[in-house]
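Biologist: Before we begin, I should like to learn how such a model is read. Could you take me through its features one at a time?

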Amino acid sequence: MKICRYLLIVLWFIAFCACHEKEEQMQVYSELKDVHQLVLAEMTLNKVGTIDDMTWDKAKGFSQHMGAFVNKFKTGKRIGVYSYNTYLQAYVDLGELRTGDVEVDEENKFVKITLPTIHTRYIGRDLGIKEEHLRVTGLRSSITPQERAEVKEVMNRTLKAEVQGNTEFSRRLEMEAKNKAREFFTLLLKNRGYESEITFK
Amino acid sequence: MKKFIVIACVVLSVIGGALWWMESHKVSADTIPATIEDVKGMVKLCALEIHDDVPMKDSINGKWIFAKGRINGYITFDLEKMEYDVKGDTITVVLPPEKVEVYESTDKGAYRVYDAWDNTLFGKGELTTREENILKERMKRRFVDAVYSKGYVRRARATAVSTLSNLFTHLNGNVVIVDYYPGGYGVRGAENVKK
C-alpha cells in the first residue's frame, strides 16, 4: 500500500512537470494597408551574435553555473558566430499634407513647403543569417536551426534596446531624410522655374 | 526490494528533471553592439504594406524544416527615376516600375522553427545555415509571386497614381500621372518590358 502511494507521488510529479511545458500555439497574423509614405532615408544596422558553451565566468545564477559545470565534461568545442542586417527608415506621411502647407507665390516664382513630421520605423531585417564562423569539434552536435532562430531573437532584442537607448541613430537618419527632401523638392521646383523653401512640421 | 525500486524511481526522476533543466542553461548567446553599416538618402513612394505570417515547410538535400516567418512586404516606387515630359503648361509624369521589398519582421518571435529533421537513410544531419538561407530565399520568391498574383501590385500602382496626383495638385501644377503598366512591370522590373 505504501509503495503504491510512493508510485502515485512519482507519477503525479512527472505529470506536474509535463503540464508545465509551454503549449505551442501558432497564431497567424495578416495585414494589408494602403499607405502614402514618402521614404527619404534608410539606415542599415549590422548586428553580430554568438552561440557558445556557457562558461563558468560568463554564468549568472545557479542554473547557468550548473550548465557551465556540465559543459566541463564534454569533448570538443561548439561555437557559431552569426550576423545579419536590420533596416530603419525615415519617412513623411503624404496623407498628412494639407493645402495650407504649400504656399505658392506666382508673382515671385517662389514656393514654400512645410512637410509633415518625419517618422522613423523598423522596416525589417534580412531573412537569412550570415555565418561568420562555425567550429564544431569532438563529439559535439551541430548547431540547429532552432538555436540560430533563438540567437537571432536575442540579437533583435538587444539591437532594439541599443537603438532606443541611443538617440544618435534616429538623429542621423532624420538629418539625412531632411537633406534629401530639401534636395528633391528644390530640384523638382527649380525645373519648373520656382525657387523654394522646404521646412518640416 | 520494492522499497529500493521506488527510491530508484524517485532518484532517477529527480536526476532526469535536473538534467533537463540544466540543458536550457548550457548555451550562451552573446551579442556585439550594433554598428551603422550605411545611411543613404532616397526618395521613394511606399504605396502598400503587407505584413503576413508565412509558414515554411520545405526541404533541401533531404533535410526538412517547418517554420513560420513574419514577413514585411512593401511596394515602392523610386521617384528619383521618375520620367516626365513637358508639353505647354502640362507635365506628364510616368509612374516608375514598382519594387517589391521583402524583409523579416523585427517583431518579437518573428521567426520560429517548429521542427527540423533529416529524411535521408541514417540521416542525422542538421540543416546548415547555407541550406536554411536557400529555403528562406525560396519562401521570399513565393511571397513575391503571391503579391503579383493576388493583385497587390495593381492596387499599389493605383494608390501611387492617386498619391502623386494629390502631391502635384498641392504643388499647384498642371500634372498628369500616367501608368503604362497598371498590372505592374513584373518581378524583373523595367528591363522586363519592351518599350
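Modeller: The discussion below treats a predicted model and takes up the contact between chains, the nonpolar cores and a hairpin.

Biologist: How many residues of chain B are in contact with chain A?

Modeller: The size of an interface is often given as the accessible area lost when the parts come together. Here a count of residues serves: 66 residues of chain B are in contact with 85 residues of chain A.

Biologist: Which element of chain B supplies the largest share of the side that touches chain A?

Modeller: Strand 1 of chain B does, with 27 residues. Other elements that each supply at least two residues include helix 1 (2–23), strand 2 (63–78) and helix 3 (152–170) of chain B. By residue class, this side of chain B divides into 28 nonpolar, 20 polar and 18 charged.

Biologist: Which residues touch the most other members of the largest nonpolar core?

Modeller: In this core of 53 residues, they are A:Leu40, B:Ala47 and B:Ile75. Leaving aside residues up to four places away in sequence, B:Ala47 touches A:Asp34 and A:Val35 from chain A, and from chain B residues including B:Ile75, B:Phe77 and B:Ala156. Another core, of nine residues, lies apart from the largest one; among its members are A:Ala149, B:Ala110, B:Val113 and B:Leu127.

Biologist: In what sense do strand 3 and strand 4 of chain A pair?

Modeller: Strand 3 (residues 102–105) and strand 4 (residues 110–115) of chain A pair in the antiparallel sense, over four bridges. Across this pairing, A:Val104 stands opposite A:Val111. The two strands form a hairpin with four residues between them, and A:Lys109 in the turn has a positive phi of about 50°.

Technical notes: Residues numbered from 1 in each chain as written. Chains lettered and ligands numbered in written order. Predicted model: local features only at pLDDT ≥ 70, side-chain atom pairs only at ≥ 80, totals over all residues. Pairing = 2+ DSSP bridges. Contact = placed C-beta atoms within 7 Å. Nonpolar A, V, L, I, M, F, W, Y, C, P; charged D, E, K, R; others polar. Core = buried A, V, L, I, M, F, W, Y, C linked by C-beta atoms within 7 Å. Buried ≥ 20, exposed ≤ 12 C-beta atoms within 10 Å, placed from the backbone.
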